[in-house]
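Let's take a friendly walk through this structure, with the sequence and the 3D view side by side. Please have both open as you read.

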Amino acid sequence: ACARGAAALVALCAAEGQARVAAFMAHVQDNAEAAVRAAIARLSDGAITLAMDNGARISLAVRIDRETNSATVDFTGTSAQAADNFNAPRPVTQAAVLYGFRCLAGSDLPMNDGCLRPINIVIPEGSLLNPAPPAAVVAGNVETSQIITDALFGALGVMAAAQGTMNNFTFGTGDFQYYETISGGAGAGDGFAGASAVQTHMTNSRLTDPEVLESRFPVLVEDFAVREGSGGAGRWPGGDGVIRRIRARVGMTASLLSGRRATRPFGLMGGGDALPGTARVEHADGRVEVLPACARAELMPGDAIVIETPGGGGFGADRGA
């Protein structure tokens with residue numbers, strides 16, 4: 001991919017001239033910088049500390065400089081790097097901040113470094129969000145990044161927490177393997193309710209159609225529905241999560257890497273918290289095995305795994321309450 005990109009850039013410079021290409025690249029970055037500074041001008045200082053299921057805490061303070069329309073995003077106070085795999089390398093943390101401010105800019109800005117010019121990001125070395133090798137980091141991108149994003153929007157008071165997890169679900173044997181992320185609820189904000197049953201923030205994947213999944217893998221998709229009432233209450237309610245039940249037709253191993261099972265997606269400005277997620281195995285013999293956020297289960301033919309994803313937090317006090 002890098003080689004193809006380099007070849008295309010060389011060809012573009014040959015066709016249009018290097019000076020012209022460089023000028024337009026500078027324009028794109030300058031435009032992004034201006035859009036982000038305009039967004040920052042509408043924001044106020046804020047701070048938040050969020051707990052994660054593994055006991056770690058992400059602390060975030062945002063300080064706005066009105067004279068320059070710039071922001072300092074400071075993660076001082078965040079937990080030290082962990083022994084598990086929820087550490088997020090600095091580029092993941094930086095990418096989550098970039099995503100948040102691109103959203104706040106309110107336009108479809110091309111991804112470029114100009115977005116970050118007005119933002120000073122402070123991340124303590126050796127922390128959960130800037131770990132030192134050989135820290136395990138596989139869950140940092142898919143899970144911890146979601147909490148970073150919620151922390152940024154929450155500290156700024158613009159949106160309640162989304163489901164805060166990707167609900168990474170895998171199953172398979174030595175002969176086949178399958179991986180999916182499962183949607184949940186989005187957080188609400190001032191003037192809008194959270195969407196239900198959607199991939200939120202860092203997640204950008206789509207599920208395989210049930211007909212295709214069942215034709216290629218020995219499973220049955222028995223239920224995939226909105227988890228009614230799982231979003232947080234409020235003047236603007238949070239979105240609902242989903243219920244997904246998959247039954248195994250042969251023996252296989254299932255694994256779950258997720259969060260927001262012990263903690264709940266928060267509401268803002270008087271809005272209610274959403275329900276956390278749950279997971280269980282319904283064995284063919286009638287036994288029910290409750291699974292923790294990160295789990296591995298051996299499924300026998302006829303066993304079903306049921307995953308209920310978190311909702312999103314509500315925004316504002318419910319006037320009818």
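Are Phe-171 and Tyr-178 buried or exposed? Both Phe-171 and Tyr-178 are buried. Please keep in mind that this is a predicted model.

**The aromatic cluster**

Five aromatic pairs are found in the structure. In one of them, the ring centres of Phe-169 and Phe-171 are 5.7 Å apart and the planes meet at 55°, so this pair is tilted. Phe-171 also forms a tilted pair with Tyr-178. Here are the two pairs next to each other:

| Pair | Centre to centre | Angle between planes | Type |
|---|---|---|---|
| Phe-169 and Phe-171 | 5.7 Å | 55° | tilted |
| Phe-171 and Tyr-178 | 5.0 Å | 35° | tilted |

Phe-169 has a relative accessibility of 2%, so it counts as buried. Phe-171 counts as buried because its relative accessibility is 4%, and the cut-off for buried is under 20%. Through ring pairs, Phe-169 and Phe-171 belong to a cluster with Phe-176, Tyr-178 and Phe-217.

Another ring has a charged partner: the charged end of Arg-244 sits over the ring of Phe-224, at 4.6 Å from the ring centre.

**The nonpolar cores**

Which residues have the most contacts inside the largest nonpolar core? They are Ile-58, Leu-60, Val-62, Phe-75, Phe-101, Ile-119 and Leu-129, in a core of 52 residues. Several elements give two or more residues to this core, including helices α2 (18-40) and α3 (90-105) and strands β1 (46-51) and β2 (57-65). The most comes from α4, which gives nine residues.

Phe-75 is a good residue to click on in your viewer. Leaving aside residues up to four places away in sequence, Phe-75 touches Ile-58, Leu-60 and Leu-129, and its other contacts include Thr-93, Val-97, Pro-124 and Ile-148. Apart from the largest core lies another one, of 23 residues, with Val-221, Met-252, Val-281 and Leu-299 among them.

**Around Glu-289**

Val-281 brings us to Glu-289, since Glu-289 touches Val-281 as well as Ala-279, Arg-280 and His-283, not counting residues up to four places away in sequence. Glu-289 is part of strand β11, which covers residues 288-290. With a relative accessible area of 30%, Glu-289 is partly exposed. What does the side chain of Glu-289 make a polar contact with? The partner is the side chain of His-283, at 3.0 Å. Glu-289 and Ile-305 are 16 residues apart in sequence, and their C-alpha atoms are 9.3 Å apart in space.

Note on methods
Residues are numbered from 1 along each chain as its sequence is written. This is a predicted model: local features need pLDDT of at least 70, side-chain atom pairs count only at pLDDT 80 or more; totals for chains, interfaces and linings use all residues. Side-chain values use heavy atoms; hydrogens and water are left out. Helices (H or I, at least four residues) and strands (E, at least two) are DSSP runs, numbered from the N terminus. Buried means under 20% relative accessible area, exposed over 50%, partly exposed in between (1.4 Å probe, protein chains only). Contact means heavy atoms within 4.5 Å. A polar contact is a pair of N or O atoms within 3.5 Å; within protein, one must be able to donate a hydrogen and the other to accept it, and residues adjacent in sequence count only if both atoms are side-chain atoms. Rings of Phe, Tyr and Trp (its six-membered ring) pair if their centres lie within 6.5 Å; planes under 30 degrees apart count as stacked, over 60 as edge-to-face and the rest as tilted. A charge sits over a ring if NZ of Lys or CZ of Arg is within 6 Å of the ring centre and within 35 degrees of the ring normal. A nonpolar core is a set of buried Ala, Val, Leu, Ile, Met, Phe, Trp, Tyr and Cys residues joined through side-chain atoms within 4.5 Å.
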